[in-house]
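Student: Hey, can you walk me through this protein? I'd like to just ask things as they come up.
Tutor: Sure, ask away.
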Amino acid sequence: MELRYPPEAEAFRAEVRAFLGANLPAGWQGMGALSNDEAEAFSLRWRRTLYEHGLLGITWPVAYGGGGRSKLEQVVLAEELAQARVPMGRVADTTSVKMLGNTLVRWGTEDQKLRLLPRILSGDDVWVQGYSEPDAGSDLGGIALRARRDGDDWVINGQKIWTSRGDEGTGIFLLARTDPDAPKHRGITFLLCPLDAPGVEVRPIRVLTGQAEFCEVFFTDARTPAHNVVGEVNGGWTVAMSLLGHERGEEAATNPILFRAELDRLVALARESGRDRDPVIRDRLAWCYTKVEVMRFLGYRILTGYLTTGELGPEASVSKLFWSEYHQEAANLAMEILGARGMIREGRRPFKHFRTDEPGAPNTTNSWIDVCLLNARSGTVYAGTSQVQRNIIGESILGLPKEPTAR
Ligand SMILES: Cc1cc2nc3c(=O)[nH]c(=O)nc-3n(C[C@H](O)[C@H](O)[C@H](O)COP(=O)(O)OP(=O)(O)OC[C@H]3O[C@@H](n4cnc5c(N)ncnc54)[C@H](O)[C@@H]3O)c2cc1C
């Protein structure tokens, strides 16, 4: 395996480092070192800085507001930002830029690209994901929300659930059943709908951290223009699966950097509490270290495939399964090291809850309780459960027989 990047990628790395040197505050420790209000303000400012320097959507064509750069340069940028302890954008960019934006670049019409991509990059439009329904999660093909064509519009009726940051979005990309008579995966259309359209109602759901991370979205005769179909009418399944590749695998090369930073903090926690002399704890820390190293090499492997084919195939499932299951073990270890102290909340609440706390976060119980004890649980559920990833790996990578379906 060739682990060195070609010279042109290293030249771009030098450019990114110069940009970081010029734009990060002196003595920058990471957003975790800021109070929540400061982190919120910094995150807004930082997104604007990335945008103004053409560092959001850097692989998108220049005609749509993107940077026109290569996928390898995108990875170099992501690595350097992670090393410098700054995010790639706002949390909402996960669904808006990473998922929908990349999907539009691949599947959108010329009109959609020109109309929507610049607004996604500027942050004027924020898109959230409307896939899951109360009776359709793992079995996504079982969605019941309906859309029917009426003149120049689609009329939508039904419900979505678990819509992350649904209350912060301006629009929702959703899967709708448009041909109830077709076999279930063939009667689905990928639609875009403004969240302020009459007939759309967003209701936040409070979760066990006490926050309202996601929402239910109800549609009652809500209308969206016909030009908001992405891909073919009744051909939405292909678009939906392509988007899931971005959701599951895109951070394969940068996740290990964040998990390594978290592991360093975990080792520091063990030292601070004197638990680093306990052979069982030492053994488990060593286990974590090996997993993060495996994650790093896995990331390179997935990256190589992505650079060669331009697609994130079923390997994205390997990455997703690996980091989410690793993180629950690391989370359990953190709580065990904290011991009785872990029952008391102290310090600031994390600004970001998913995967790791922001780099630079202090070793307080709140950081570990919110990110690890509570939110790490959901890592093996969102973006497809572990069982579903194992099915994909079994069927698409290992060539095992398809699982039997209940009739
Ligand atoms: C934090 C978080 C954020 C989320 N954000 C969004 C979002 O923004 N937009 C969105 O649309 N959705 C979102 N989701 C929903 C998520 O995609 C679903 O929860 C997930 O796909 C699982 O679906 P389900 O909850 O309906 O569980 P179910 O599908 O009912 O599964 C229940 C259990 O059965 C198992 N199971 C199901 N089918 C099989 C099978 N064939 N073989 C073996 N085991 C099986 C599952 O693994 C699971 O353990 C989010 C979820 C979480 C936790």
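Student: Which residues make the nonpolar surface patch?
Tutor: Ile397, Leu398 and Leu400 make that patch, and its area is about 290 Å². Keep in mind that this is a predicted model.

Student: Where does Leu398 sit, then?
Tutor: Leu398 is in the segment that comes after helix 11, and that helix covers 386-397.

Student: And is Leu398 buried or exposed?
Tutor: Leu398 counts as exposed because its relative accessible area is 58%, and the cut-off for exposed is over 50%.

Student: OK, new topic, the ligand. How many residues surround the ligand?
Tutor: There are 18 around the ligand, and the closest are Ser132, Ser138, Trp162, Thr385 and Gln387.

Student: What kinds of residues are in that shell?
Tutor: Six of the shell residues are nonpolar, eleven are polar and one is charged.

Student: Which element gives the most to the shell?
Tutor: Strand 3 does, with three residues. Strand 1 (127-130), strand 3 (153-164) and helix 11 each supply at least two.

Student: What about polar atoms close to the ligand's nitrogen or oxygen atoms?
Tutor: Here are some. A backbone N or O atom of Tyr131 is 2.9 Å from a ligand oxygen. For Trp162, a polar backbone atom lies 2.9 Å from a nitrogen of the ligand. With Glu403 the side chain is involved: one of its N or O atoms is 2.9 Å from a ligand nitrogen.

Student: How much of the ligand's accessible area does the protein cover?
Tutor: The protein covers 67% of the 970 Å² that the ligand has on its own.

Student: Switching again: where is Arg348 found?
Tutor: Arg348 is in the loop between helix 9 (315-338) and helix 10 (365-374).

Student: Is Arg348 buried or exposed?
Tutor: Arg348 is buried, since its relative accessible area is 17% and buried means under 20%.

Student: What does the side chain of Arg348 contact?
Tutor: The Arg348 side chain makes a polar contact with the side chain of Asp357, at 2.9 Å. A polar atom of the Arg348 side chain also lies 3.3 Å from the backbone oxygen of Gly32.

Student: And Thr178, what's the story there?
Tutor: Thr178 is in the loop between strand 4 (171-177) and strand 5 (188-194). Thr178 counts as buried because its relative accessibility is 17%. Its side chain has a polar contact of 2.5 Å with the side chain of Thr189.

Student: Last topic. How many salt bridges are in the whole structure?
Tutor: A search of the whole structure finds 27. One of them joins the side chains of Arg13 and Glu10, at 2.8 Å from N to O.

Student: Where do Arg13 and Glu10 lie?
Tutor: Both lie in helix 1 (residues 7-23), three residues apart, which is about one turn of the helix. Arg13 counts as buried because its relative accessibility is 10%, while Glu10, at 33%, counts as partly exposed.

Student: Got another salt bridge for me?
Tutor: Yep, Glu293 forms one with Arg296, and their closest N and O atoms are 2.9 Å apart. Glu293 and Arg296 are both in helix 8 (residues 279-309), also three residues apart.

Student: Which residues do shared salt-bridge partners join into one network?
Tutor: That network links Glu10, Arg13, Arg17, Glu79 and Glu80.

Conventions: Residues are numbered from 1 along each chain as its sequence is written. This is a predicted model: local features need pLDDT of at least 70, side-chain atom pairs count only at pLDDT 80 or more; totals for chains, interfaces and linings use all residues. Side-chain values use heavy atoms; hydrogens and water are left out. Patches are made of residues with over 30% relative accessible area and no salt bridge: like charges are joined within 9 Å, nonpolar side chains (Val, Leu, Ile, Met, Phe, Trp, Tyr) within 5 Å. Accessible areas come from the Shrake-Rupley method with a 1.4 Å probe; for residues, only the protein chains shown count as cover. A salt bridge is a side-chain nitrogen of Lys or Arg within 4 Å of a carboxyl oxygen of Asp or Glu. Helices (H or I, at least four residues) and strands (E, at least two) are DSSP runs, numbered from the N terminus. Buried means under 20% relative accessible area, exposed over 50%, partly exposed in between (1.4 Å probe, protein chains only). A residue is near a molecule or strand if one of its heavy atoms lies within 4 Å of it. A polar contact is a pair of N or O atoms within 3.5 Å; within protein, one must be able to donate a hydrogen and the other to accept it, and residues adjacent in sequence count only if both atoms are side-chain atoms. Ala, Val, Leu, Ile, Met, Phe, Trp, Tyr, Cys and Pro count as nonpolar, Asp, Glu, Lys and Arg as charged, and the others, Gly among them, as polar.
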